[in-house]
Amino acid sequence: MASHRLTYDGCNFFRQRLVLSTLSGKRVKIKNIRSKDDDPGLRDFEASFIRLLDKVTNGSRIEINQTGTVLFYQPGLLHGGPIEHDCNTQRSIGYYLEALLMLAPFMKTSLKATLRGVTNDPSDPTVDMLKSTALPLMKQFGIDGEGFELKVLKRGMAPGGGGEVFFTCPVRRTIRPVQLTDPGKIKRIRGVAYSVRVSPQMANRIVEAARGVLNQFIPDIYIHTDHMKGPNSGKSPGFGLTLVAETLNGSFLSAEMASTPQGQGDPILPEDLGRNCAKLLLEEVYRGGCVDSSNQSLALLLMTLGQQDVSKVLLGPLPPYTIEFLRHIRDFFQIMFKIEVQKSSEDSRKGGDKILMTCVGVGYSNINKTIK
């Protein structure tokens, strides 16, 4: 049995490894986790992530040595059902949610998760962004139906948190292969500017600045303002903006920015935040592809787990995170992608170089789902 175990070094790509281990059923050992640090071992947010995995699976075996520098994980069956989890506030709920999105369709019963913590911070994808890009992407793969939603019940900015999110996802027996090769032109831009524990005027200032940039390109822009008051506004002040550009063929490209957490670094003006976020969106559109850079690994995973048929997805340039994810997919599922670089033509309106990813799915079938 020992030969089936995969061993990794260091704390990078921690979530990727545990998520793929859970889906493939292969045991994983991660050693030398920050072993040279003054404060070695797992961080609190990683421990919190392991506890979350333990809640959604049944019979997982997790062993950690005394210093927290070695982790052994033997995955159990994905169980699902209603769970509640208090996410560590060092990272936002998005950090935990990204992993749940990958696991949720393969549970035994539909997942109904209530997560508490930081909903919006500058380092992780925010809940708003996952709602407007990851969910539509999963629908392309046939993960859809009643009870597939992500709701922000309370907002909580870093560092205090105090936000609450509700996520439900139906289970699927199989994943359908996709052909997403032409994103099409951008037809409209939608967004949400939120503010908590600051003047509601902040959100309006953000919207005005963002529109100042985007109106030069497209008339159909609607940015909704969301100001939460009282107990729904979490524990820390802050504001931010999430923008999503939708293409004619139903692809979503997004960009977002959140204000600097209270007591950390230089504060940012709402006008600057609006303008910078609009420019980030334009950059994301230039990179292009049918999936934006924050959801590449989710798309590649669903392609891998699809039925035994060819899936093709056109992506923009691959960041290091995605490249490492492809290596992990090879380790856990023995799947190799065919990668073709498509040079951008003379016409600069097509944006930067694109990459066409092709693979044949492993025909993953959800063995956890109860047969009715």
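Helices α5 and α6 are oblique to each other, because their crossing angle falls in none of the other classes (under 35 degrees roughly parallel, over 145 roughly antiparallel, 65 to 115 roughly perpendicular). The axes of α5 (residues 201-214) and α6 (residues 270-287) come within 7 Å and cross at roughly 40°, and the crossing is right-handed. On the α5 side, Met-202, Arg-205, Ile-206, Ala-209, Ala-210, Val-213 and Leu-214 take part; they meet Pro-270, Glu-271, Leu-273, Gly-274, Arg-275, Ala-278, Leu-281 and Leu-282 of α6, contact meaning heavy atoms within 4.5 Å. These residues divide into eleven nonpolar, one polar and three charged, with Gly counted as polar.

The model is predicted, with local features requiring pLDDT of at least 70 and side-chain atom pairs pLDDT 80 or more, while totals for chains, interfaces and linings use all residues. Residues are numbered from 1 along each chain as its sequence is written, and side-chain values use heavy atoms, leaving out hydrogens and water.

A second helix pair is formed by α3 (residues 93-103) and α4 (residues 127-140), whose axes come within 11 Å and cross at roughly 10°. That angle makes α3 roughly parallel to α4. Here Ile-93, Gly-94, Leu-97, Glu-98 and Leu-101 of α3 touch Val-127, Leu-130, Ala-134, Leu-135 and Met-138 of α4. By class, this contact has eight nonpolar, one polar and one charged residues.

Turning to the annotation, an unreviewed UniProt entry assigns the domain "RNA 3'-terminal phosphate cyclase" to residues 7-339; such annotations may be inferred rather than shown by experiment. The end C-alpha atoms of this span lie 26 Å apart, and the span is 31% helix and 28% strand, as DSSP runs (helices H or I, at least four residues; strands E, at least two).

Terms used. Axes fitted to C-alpha atoms, helices over the stretch in contact; angles between N-to-C directions. Left-handed = near helix turned anticlockwise from the far one by under 90°.
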